[in-house]
Amino acid sequence: MPPKSAPRKVEAPVRRTQAERRESTRRKLLDATIEALVEQGYARLTTVEVAKRAGVSQGALFTHFETKEELLAVAVEHLFPRLIQDFLAGVGARPSGKDRVGAAVDMLWTAYQRPELQAAIELYVAARTVPELQKALAVVDGPHRQNMHRVARELFPDVAATHPDFDGVVELALDAVQGAAVGGAARPADPAHRRMLDTLARFMRVAFAPKD
């Protein structure tokens, strides 16, 4: 008879701490919020639907977020770092000989075409008439803008160190692309968008050119 194999030792499941379980639930709620916002839009999104998608009760949702507006703003905050990483990866993936300004403008436009960022823009538009949402978004928008300026300084360190208007040009580029993205919701295939992006890139090249 063949020898009997030793009984297999069953590893006890690793128990998560309360803080880990809480953070996991919070992430599920934020991901579910973005998912629902993309599919349903701001006007139709409810905390009941978000809780259902996250697999928790509505009461549990409100132990993490006091209001629907806070939930939406934090979900956008949760989304931004991922988009910034994808933006940097996209710029870095372009051929080394390609104009970096043009690559940055193109990838910024690509980022604004993503459904989740389109959904975030919808919140910014809605905030005009929803003071609670405006207040909640203001808390996360400032740090996000600072992060975008930090990314721009990383992409163009020499220009950032020598041009006094660097931050102003970056802010202008961000607002131009975001504004075009809002208009693009009604006319997504308009060739004027390509012309605008090319013009913006030319303007930035001139603005970033070495000063005599």
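In the predicted model, the axes of helices α4 and α6 approach to within 11 Å and cross at roughly 140°. This crossing is left-handed, with α4 passing α6, and the two helices are therefore oblique to each other, since an angle has to be over 145 degrees to count as roughly antiparallel. A second pair, α5 and α10, packs at an angle of about 140° with an axis separation of 9 Å. Here α5 passes α10 in a right-handed crossing, and α5 and α10 are likewise described as oblique, because angles over 115 degrees that do not exceed 145 fall outside the perpendicular and antiparallel ranges. Towards the N terminus, helix α1 (residues 18–40) packs against helix α2 (residues 47–54) at an angle of about 120°, the axes lying 8 Å apart. The crossing of α1 past α2 is right-handed, and the angle between α1 and α2 makes this arrangement, too, an oblique one.

Two annotated segments can be placed on the model. An unreviewed UniProt entry lists residues 23–83 as "domain: HTH tetR-type". Over residues 23–83 the chain is 80% helix and 0% strand, and a distance of 21 Å separates the C-alpha atoms at the two ends. The feature "DNA-binding region", also taken from an unreviewed UniProt entry, is placed at residues 46–65. For residues 46–65 the helical content is 75% and the strand content 0%, with the end C-alpha atoms 13 Å apart.

Empty space within the model was examined next. Rolling a probe the size of a water molecule over the atoms shows where empty space is left. The largest pocket encloses about 270 Å³ of space, and its lining comprises 17 residues, of which F80, Y112, L117, H144 and Q178 lie nearest the centre of the pocket. At least two lining residues of this pocket are supplied by each of α4 (68–93), α5 (100–112), α6 (115–126), α7 (131–155) and α9 (166–184). The obliquely crossing helices α4 and α6 are thus both represented in the lining of the largest pocket. By class, this lining contains 13 nonpolar, 2 polar and 2 charged residues.

A search of the whole structure for cavities of 30 Å³ or more returned 1 such cavity. The space in the largest cavity amounts to about 200 Å³, and of the 17 residues that line this cavity, F87, A104, L108, A152 and V170 are the closest to its centre. Two or more residues of the cavity lining are given by each of α5, α7, α9 and α10 (192–207), and the largest share, 5 residues, comes from α9. The packed pair α5 and α10, with axes 9 Å apart, therefore contributes from both of its helices to the lining of the largest cavity. In composition, the lining of the largest cavity divides into 17 nonpolar residues, with no polar and no charged residues, whereas the lining of the largest pocket includes 2 polar and 2 charged residues.

Definitions and conventions: Residues numbered from 1 in each chain as written. Predicted model: local features only at pLDDT ≥ 70, side-chain atom pairs only at ≥ 80, totals over all residues. Heavy atoms only, no water. 1 Å grid on protein atoms, 1.4 Å probe; cavity = no way out; pocket = protein on both sides within 12 Å on 5 of 7 lines; lining within 4 Å. Points joined across faces, edges and corners; volume = space filled by probe spheres on them. Helix = DSSP H or I, 4+ residues; strand = E, 2+ residues; numbered from the N terminus. Nonpolar A, V, L, I, M, F, W, Y, C, P; charged D, E, K, R; others polar. UniProt positions renumbered as here; feature names shortened; annotations may be inferred. Axes fitted to C-alpha atoms, helices over the stretch in contact; angles between N-to-C directions. Parallel < 35°, antiparallel > 145°, perpendicular 65-115°, else oblique. Left-handed = near helix turned anticlockwise from the far one by under 90°.
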